[in-house]
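I am opening a notebook on a structure that I have not looked at before. My entries go from the whole chain down to single residues.

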Amino acid sequence: MAREKILSWLKQHWEVIGLIFLSVFIYFRWIGPGYFVSSDWQYTSANSLKDFFHIGTWSNLNSFGKVNLNLWRLPIALVQGIFGFFGFDTRIADKAVFFFPIIFLVPLASYFYAKRLSDSRVGGVAGSLFFSYNTYFLAIGSQGHIGITISSALVLCALLVLEKWRATKIDSNSYAYQIYFAFIMCLIGFYDFRFVYILGLILFIQLAFLFLQERKEAIRLFFFGAQSGAIYLLLNLFWLIPFVASSATSSGVIFSRALWRSELFTLSRAVVVHQPFWNPEQFIWHHVGQIPFYLWIPILLVLSYSVISIRKRKDILLYLVLFLFGVFLSKQEAEPFNWVYRWLFVHLPGFGAFREASKFYLITLISLTGLSAYFARFLFLGKEKRWQKLRFVCFGFFILIPLLNASSVLRGKIDGIYLATKLPSSYQSLLRYIEQPGNRYRILWIPEMGVNWGIFNQNASAINYYEASGTLSDDVPPWLRLAKTLSSDKTGGILRMLRSGFAADLLAVSNIRYVILPKEFPGDTKNPFRIEDRDSLKSVLDTLDYLKEVTLEGVSSTEVTVYELKNRMQSIFSFTSFIQSPALDDKILGFASTLQDSKAFFLFGNGTAPSSSTVITRLFSSSTEAFVYGAKGFSTAQSFVSVSSTPAMVMKYRNPKTYTYKIKRAGKIEIVQKDSGMIKVAGSVALRSEMNDERVLEVDPLKEDEVLDVDGAFYTSKTDWKLNGYRTDSGLIDRYKISPIDLKNGDFESGLWESHVRDCNRTDDKADLNMRVERFYYGNNSRSLALAARTHAACTKTSFKITEGNYLLHIKHQSPNAEKASYYLGFDGSNTKIREEFPTQKFGWGEYWKEFSVPHGTTSGEIYLYAKSTGDGREMINRYDDVKIYRVASDDVSSFREAENEIIPVGMINQDTDALEYVDPQYSGKQLLTNASFEEGFWQEKVGDCNRYDDSPQIAMRLNEGEKTDGKQSLELEVTRHVACTTASVPVRPGATYRLSFDYQSPNARQASYYIGFNNLEKTALKKQLQIIGSDWQHFSDSITVPKGATTLSIYLYAREEDGVKTILNRYDHFSLQEVPDLSDAFYVVTKSEQELIEPKLITYETISATKRMAHVSRASTAFFLGMSESYHDKWMVEADNKKTNGIWNGWSPFAKPDRVANELHYKLNGFLNAWYVDVDDWCVHRALCKENPDGTYDMDLVIEFWPQRWLYFGLLISGSALVSCLSYLAYRSVRNRRRRVITGAINFLAKKEL
Amino acid sequence: MNLLSEKWKKSVRSQIERLGMKRAWNDISSKPSLSFAVFVVAGLIGSVLGMRAGVLWGVFIAFAVYDWESRLIGGAAILSLIACPILLQTHLDAWADVMAVYAYFFLAMLIGLQMIERKRYPGRFSEDV
């Protein structure tokens, strides 16, 4: 009997069981015990999960502290916290909170939804398969964006409730469905709040559709939506209120990110819901895949059916409308009406959260799920007999094609979080170590930790250098961002930063305790460096005297090298003086480090500094019009005037650190003197700018068999030394002795290597290749090789003898039209192969060097050179010459001597009587731009289109005689769509500094913009967007240093599209480009502080939570600065610890009025931390908030809190009350209904009895 | 094959006659002033928004005013969509996108015409599978 019952149940629910079984089968790995980490999905230990209980409005888990923008997922975090409380890490918590909902909820929600629509089980199955195994969910899931998938399934649940409500004509006084709907909305929002927005859009479309068809129903739906929305709002006030209170929404973190990669999204992809990176056999994130052919089949079937049957069900029309709407949004900026998405992104409130359109795939998916369900029902239950013969074929597609997608997951073709991995043992030990209780600190991972392994908690934040340095938000230290700008090399910048004089202080103030250099482990998908970089990184870190390598038990130093800062600071501290500087750069830091008695407490910007500050100002700031060249002499520096208002000014100058190392080839190598300028005060010479660099290399000239390696760029004695020296970003410089190996005919003087060109990419029989030897090309007075390819890839090779050792490959290269040159090096007896592409030189010859090692047992090698076609029928030409391989005989054959830093005080300057003048006879002030004010017409005949994303530009260029600042006319660029641009080029000297200035104006644009490009090998470019205020002309000027190897400067001017509708005008005039001495770092003005402050004797503190600290200051005698190592936010407050900030009401209420340090005394320390000026006179004497000691000093108890946390409590009170009310209502209603049923039953019973 | 059966042939022929050119020509020629108005409106739109827009709007208006079978437009949408994967497979991606745009416009027209039809002839719409 029981067996029959089971069989009967199974028979009744075969489709549900089948769908669940299928889902479990596909995601079977998630049920196992492995670690699932990748990309944005990381492991979190049980202890760290426990910290989720303390989640507040401020987060400092893996940052320097920032407003918690994930507050909306607080309930999810609390559930995770419960798992942590019971000792489970994310291996268990993730299963319950994320993996199981995907395994069970997604197929079931879509099944019930599709079944409900089609009123058929087969329809439910078709809809469920279509929805659950689409390329979008599967692809993004691999990167850990699985909250999106769960939210999407919950959207279906919400729509299911809506459908049920629409079908149930219950009395209008009932709000149960609205509450259920709002609850589901909340769940959607907790996983990904953007999907609440999408649900709102779907409701809006339904409402609009109904409004045209059945107005009464539309009005009913409107009220349903409004009531549900109101309940949702009340339930979510707990995060909305603190968000508004902490200005998180206006800080631009979420809503003002730029649109992301519009080129990925096309109408075709949107129609078939193809995630752009989806490639079923070789899935690589960020590699765009072709749309698989088979994805079109179900779409075409469903749409064909829908078109034919459009009159038979009105819902088909509704779902077609949804389909069109979803496709339209998810194509982002593709045709048709490509401007609409950007317009919505800019103007529609909340739309700014969708920086890329893939989230809108959900709308398309829902519509296709519905249409699939109808189609399946039609196939199996329809009256059209002839279709029934084909039903299994058609239905087969609905099973096979989603399954084909899912099979990529099943077979492990898609990795990411679909495949289990292991927590490296060193990380395991490190994790145990950082979980030990103690004071708060931070860990700086260089270049980046295995981000997926979550080696951080509330106590020990993790900072990833590479990630943080690329972040533009205010919560990242400027010095970290600066490090990235110091070098184009990924790690060179941080090394340069760590070697600077202030590095130890900057790390200490930032509360960094450990600097960790990890190894690249499997699963570290974000780790950007290669293992071979690690040794050189380590060798530099080993030399830093403020770090010491520490050995932690179980942590292998070959896997994870841990350095500890020798002189740490606590996270709450005091200090007495700021160094105020207009901005942070490495030169300012370098200069400040040479000042006596200075510490790394900086205040950047030109705001009012406390009187105890030391103010550093550049005398010749690049941002001010500080000087005029030639005979006119030089006007008073604006910056100087502002500083000289301080009476006790001491002027100092220091020779700048323009280049870290410099070498001059002039017989012997000597220290560079850059210019011979001098400062005159009142007509007499006061200072002579000798420009000794901070570190100067002095070595013998290079011999013919020597090569200099400066940051991986190689120089020989034959290098064309146009520069006065070479700049190194990392400070890594080596000199090698080299000897060439016997590579025959590397200079092609004896002709070709081979008689016939080879085809190195033979895809068909249509090869169009060429190879020849050319003479006298581009100033090369010898022969060179030219390879040409219209199709395939032309190549040629030669062999050579080579044995184990270190070598350098040298190739001269040139190409008139190819972006890259390429070669291949292979060796016998080993698998070592080097295959590289590198940028070519368009004009003249470029030199390429590559360092490589030859493995043991090698006797010979071969080298291939290539010219690769681009597939568009153009003949791509690559020229090569001087192919040589050198054996590196010995490392580092010379030592380097360095010059000392020097600061020379030059005495007082009285601004009323002394005129400041800079004289330099070397510079003529000659204007280098011809037609600089457009008096002779345009720079180019036609307006350029600098963003041709389609074939419909709306751009123009004209000369405007009405609006101008110089001569008769100005240039006017006009744009409605695309980017209008024009360009001019001028010859420049590598290494020289130029001053560019121009005027700009616009009647309606928000910004003007320019771009400067150089023709060096690296194609160095600078670009700037200039804010336009009002409609008056504005002036811009800046200094530009020409990079090495560049001989031409090209300047582009732009008018940029805003929303594709508005016509934008940008006008430019009065250009000037002059060569100038680089004085930006030559002279500084330094003011001494007026007031001597004394630090309090002792500061102790206790961390209550991420948003609250209690500090006790002992024996303060003068005013002092209180610093806190959390990133700056104006809502951090310092309050007196008294009854005004404590108690039942004042302890949490946002309406409390505590005694606090005034906002104007809250400073941004080092450009990102908090510091307050605590005036003891005011705080202790006038306001009596301290305890006086017998020696006349004061003790004070302070509370430092992040005020929006109080708004969180307030919001929780409201949301909690709303939740209790809703649950009470549902409970009451349930009891009432039960009672009614009982009474009705009794009446019926009695009535029957009566009868 | 069933598709070639007499019944099918007849059905197809009758469908073409019902929906096809003959009826279209009759409609256009029987109401010359209306046809002229449609042509003028399409021309005006075309002069402002471009030829493609003019033609598409002209087709849409013609289908709306003459009450032609709107599913023909849907058929055009499906044909355009069928062309997309073929063009993509032959690496003519730009053409595929153009065809997808046409498919999109045709589908939008179909929906617009259906909305009009529902207002005009509510009786035509049965809730049947």
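What follows is a set of short entries on what I looked up.

**Entry 1, ground rules.** I am working with a predicted model, in which local features need pLDDT of at least 70 and side-chain atom pairs count only at pLDDT 80 or more, while totals for chains, interfaces and linings use all residues. Residues are numbered from 1 along each chain as its sequence is written, chains are lettered from A and ligands numbered from 1 in the order in which they are written, and side-chain values use heavy atoms, with hydrogens and water left out.

**Entry 2, chain A as a whole.** I looked up the secondary structure and found 29 helices and 48 strands in chain A, where helices (H or I, at least four residues) and strands (E, at least two) are DSSP runs numbered from the N terminus. Of the 1251 residues in chain A, 56% are buried, buried being under 20% relative accessible area, exposed over 50% and partly exposed in between, with a 1.4 Å probe and protein chains only. Among the contacts (heavy atoms within 4.5 Å) in chain A between residues at least 6 apart in sequence, I note that 75% join residues at least 24 apart.

**Entry 3, cavities.** I then looked for cavities, meaning sets of points on a 1 Å grid over the protein atoms alone where a 1.4 Å probe fits but cannot get out, with lining residues having an atom within 4 Å of a point. Grid points are joined across faces, edges and corners, and a volume is the space filled by probe spheres set on the points. The count is 10 cavities of 30 Å³ or more, and the largest has a volume of about 120 Å³. Its lining has 14 residues, of which A:F130, A:N134, A:V272, A:L295 and A:N405 are the closest to the centre. Two elements of chain A, α14 (296–308) and α19 (391–410), give two or more residues to that lining, and α19(A) gives the most, with 5 residues. By class I find 11 nonpolar, 3 polar and no charged residues there; Ala, Val, Leu, Ile, Met, Phe, Trp, Tyr, Cys and Pro count as nonpolar, Asp, Glu, Lys and Arg as charged, and the others, Gly among them, as polar.

The second largest cavity holds about 70 Å³ of space, and its lining divides into 5 nonpolar, 3 polar and 3 charged residues. Among the lining residues I noted A:Y35, A:R91, A:D94 and A:K95.

**Entry 4, an open sheet.** In chain A, I followed 5 strands that form an open antiparallel sheet in the order β18-β21-β26-β23-β24, pairing being counted if DSSP finds at least two bridges between two strands. The edge strands, each pairing on one side only, are β18 (758–759) and β24 (833–839). Strand β23 (820–827) is joined to β26 (860–868) by 6 bridges, and A:Y824 stands opposite A:Y864 in β26(A).

**Entry 5, one helix.** Helix α11 (194–213) of chain A has 20 residues and reaches 29 Å from its first C-alpha to its last, close to the 28 Å expected at 1.5 Å a residue, that span being 1.5 Å times one less than the number of residues. Its buried residues include A:R194, A:F195 and A:Q206. What covers the buried residues of α11(A) includes α12 (215–245) of chain A and α6 (93–120) of chain B.

**Entry 6, a glycine in chain B.** I last looked at B:G54 in helix α4 (51–66) of chain B, which counts as buried at 6% relative accessibility. The C-alpha atoms of B:G54 and B:G43 are separated by 5.9 Å, although the two are 11 residues apart along the chain.

How values were computed:
On a 1 Å grid over the protein atoms alone, a cavity is a set of points where a 1.4 Å probe fits but cannot get out, and a pocket is an open set with protein on both sides within 12 Å along at least five of seven lines; lining residues have an atom within 4 Å of a point.
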